[in-house]
Amino acid sequence: MTNEQLWRTALGEVELNISRANFITWFRDTFILKNANGVTTIGVPNGFSKEWLENKYNKLILRALRNISSEIKELKFIIGAAPAFSIVAGEAPTKTTDHKKELTRAQTQSFQELEIDKETNLNPKYTFNNFIVGSFNELAQAAAKAVVNSPGEVYNPLFIYGGVGLGKTHLLQSVGNEIIEKYKKKKKVKYVSSEKFTSELVTALHNGKIDDFKESYRQIDVLIIDDIQFLAGKEKTQEEFFHTFNFLYQKNKQVILSSDRPPKAIATLEERLRSRFEGGMIADISQPDLETRLAILKCKALEKKVVIPDEILNYIAVNIPRNIRELEGALNRVIAANNISFSNQDLGSVEKTLNNIINAPKKLTNHKNIIQAVADFYDINTTDLINRCRKKEVVYPRQVAMYLLREELKKSFPFIGEKLGGRDHTTVMYACDKLNKEVEKNEILQQELISIKEKIYSN
Ligand code: ADP
Ligand code: MG
């Protein structure tokens, strides 16, 4: 494997573990300079990056590299030392070496984010063409298509929900991209995460530019807000969003939202927002079945222009059932390990490559992590959860925490009672019993538990 392939694959893995903003900031213009005797030397553009990568991402990078090649034991970071990059300022670049061409290609692949349009925040790589449809997402896809055909007229707002890595962002972005194309830029589209919406609002308030903020959002024809669950508990942001929403809605402008759970299950979402969301179309994305996972892998392999035997794709599809992001990660790893050629590959080597993803021991957790995850999810204080607080909004999350401590850690009822406000073990038994019954028939609770467990076991 060349250094370029090695780095590209490792970056693929790193990207799955940190936010896009951090990924772009810290990994742009990095490359592998040398890889010998267990030491991988990584070139970085400046001292700031060097420090950051060394201190903050060393472990993550090392882990990503070692998953590909277990001989790697140590990382070194060197500032801008690649000969191909040492173009002196002010001097015209001389002839491009193959080495540099290779590096540039690797980088443009990993940094497609750089193509993101500054006005719309849309990334052209997400389209309906490369979005595979199966029974798990067909309602969401059909609704999204309908919105493209008549924005603001059919499903308004369109609310898409589903777990991590299942294609919400891909679908939302596809709508934006297709509307731009179809209406030849006559419709003003804007995609933002709810975190970005919040931080823009906070900055505007801070700088006394709130009117500009309002004005800019009110000129939009298609407003897409991703991961709306992060508005939970942010009252000021919800209030501003409510006004923006109403303004756009009354003018028949399209609003599209996504979340990891249905509106009903977003705690501390203002009632008026909730009923607005429920007034439109709500569509969920669940988990893809085996056949669809296989179709997705075939599509991704085609995109990457590699031919992979069905037997191998099938193995990946069977063994990586949970989400599409992981599926893609596994495929990348297999491609890299096989040096892009599958001529004489057998399943055995693929099994080896994926061994530590598929057979990863279930991550360990402890009661503190679980309590924290429950508190985060319902947006309440951990202290309220573990004290005797009797506020209505705390009682139910506390029961969920009890249930999870029992289910995930198999703790005794007295132990759980002690960790959650010094309660009697009968209280805990009652809660676990209640939730056990409830979980069978209550889809919202099922969804909530999935999201909370995702939080518990990611990191
Ligand atoms: P979410 O926003 O729900 O967490 P993403 O939209 O980021 O998930 O999807 C994760 C990855 O899986 C992306 O690379 C995306 O392109 C891919 N993906 C998701 N759904 C599909 C699909 N139906 N067909 C093809 N690729 C998909
Ligand atoms: Mg997303």
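Biologist: Which N or O atom in the side chain of a lysine is 2.9 Å from a nitrogen atom of ligand 1, that is, which residue holds it?
Modeller: Keep in mind that this is a predicted model. A nitrogen atom of ligand 1 lies 2.9 Å from a side-chain N or O atom. The residue that carries this side-chain atom is Lys300.

Biologist: How much of ligand 1 does the protein bury?
Modeller: Taken alone, ligand 1 exposes 560 Å². The share of that area buried by the protein is 94%.

Biologist: Which elements give two or more residues to the shell around ligand 1?
Modeller: The condition is a contribution of two or more residues to the shell. The elements that meet it are α6 (168–182) and α13 (324–337).

Biologist: Is Lys300 buried or exposed, and in which helix is it found?
Modeller: Lys300 has a relative accessibility of 10%. The cut-off for buried is under 20%, so Lys300 counts as buried. Its place in the chain is helix α11 (residues 290–303).

Biologist: Which residues does Lys300 touch, not counting residues up to four places away in sequence?
Modeller: Neighbours up to four places away in sequence are set aside here. What remains is a pair of residues, Glu328 and Leu331.

Biologist: Which residues come nearest to ligand 1?
Modeller: There are 17 residues around ligand 1. Those that come nearest are Ile132, Gly165, Thr169, His170 and Glu328.

Biologist: What distances separate oxygen atoms of ligand 1 from N or O atoms in the side chains of His170 and Arg325?
Modeller: For His170, an oxygen atom of ligand 1 is 2.7 Å from a side-chain N or O atom. For Arg325, the matching distance to an oxygen atom of ligand 1 is 2.8 Å.

Biologist: How many nonpolar, polar and charged residues does the shell around ligand 1 have?
Modeller: The shell is sorted by residue class. The tally is six nonpolar, seven polar and four charged residues.

Biologist: How many helices and strands are there in the chain, and what share of its residues count as buried?
Modeller: The chain has 20 helices and eight strands. Of its 459 residues, the share that count as buried is 46%.

Biologist: What share of the contacts with a separation of 6 or more comes from residues 24 or more positions apart?
Modeller: Take the contacts in the chain with a separation of 6 or more. Residues 24 or more positions apart account for 71%.

Biologist: Why is the pair of Phe27 and Tyr57 called tilted?
Modeller: A search of the whole structure finds 14 aromatic pairs. In the pair of Phe27 and Tyr57, the ring centres are 5.6 Å apart and the planes stand at 55°. Planes under 30 degrees apart count as stacked and over 60 as edge-to-face. The angle falls in the remaining range, so the pair is tilted.

Biologist: Which parts of the chain does the pair of Phe27 and Tyr57 tie together?
Modeller: Both residues are buried. They are 30 residues apart in sequence. Phe27 lies in helix α2 (residues 20–27) and Tyr57 in helix α3 (residues 47–68), so the pair ties together α2 and α3.

Biologist: Which residues form one aromatic cluster with Phe277?
Modeller: Phe277 sits in helix α10 (residues 271–278). Its relative accessible area is 0%, so Phe277 is buried. The other members of its cluster are Phe159, Phe197, Phe213, Tyr217, Phe241, Phe245 and Tyr249.

Biologist: Where does Pro157 lie, and is its peptide bond from Asn156 cis or trans?
Modeller: Pro157 is among the residues that Phe277 touches. Pro157 lies in the loop between α5 (138–149) and β4 (158–162). The peptide bond from Asn156 to Pro157 has omega near -5° and is cis.

Biologist: What is the phi of Asp227, and where is Asp227 found?
Modeller: Asp227 is partly exposed, with a relative accessible area of 22%. Its phi is positive, about 55°, although Asp227 is not a glycine. Asp227 is found in the loop between β6 (222–226) and α9 (235–250).

Biologist: Is Lys368 buried or exposed?
Modeller: Lys368 lies in helix α15. Its relative accessibility is 60%. The cut-off for exposed is over 50%, so Lys368 counts as exposed.

Key: Residues numbered from 1 in each chain as written. Chains lettered and ligands numbered in written order. Predicted model: local features only at pLDDT ≥ 70, side-chain atom pairs only at ≥ 80, totals over all residues. Heavy atoms only, no water. Near = heavy atom within 4 Å. Polar contact = N/O pair within 3.5 Å; in protein donor to acceptor, adjacent residues only side chain to side chain. Areas by Shrake-Rupley, 256 points an atom, 1.4 Å probe, with all protein chains shown as cover. Helix = DSSP H or I, 4+ residues; strand = E, 2+ residues; numbered from the N terminus. Nonpolar A, V, L, I, M, F, W, Y, C, P; charged D, E, K, R; others polar. Buried < 20%, exposed > 50% of the residue type's maximum accessible area, 1.4 Å probe, protein only. Contact = heavy atoms within 4.5 Å. Phe/Tyr/Trp six-rings, centres within 6.5 Å; stacked < 30°, edge-to-face > 60°.
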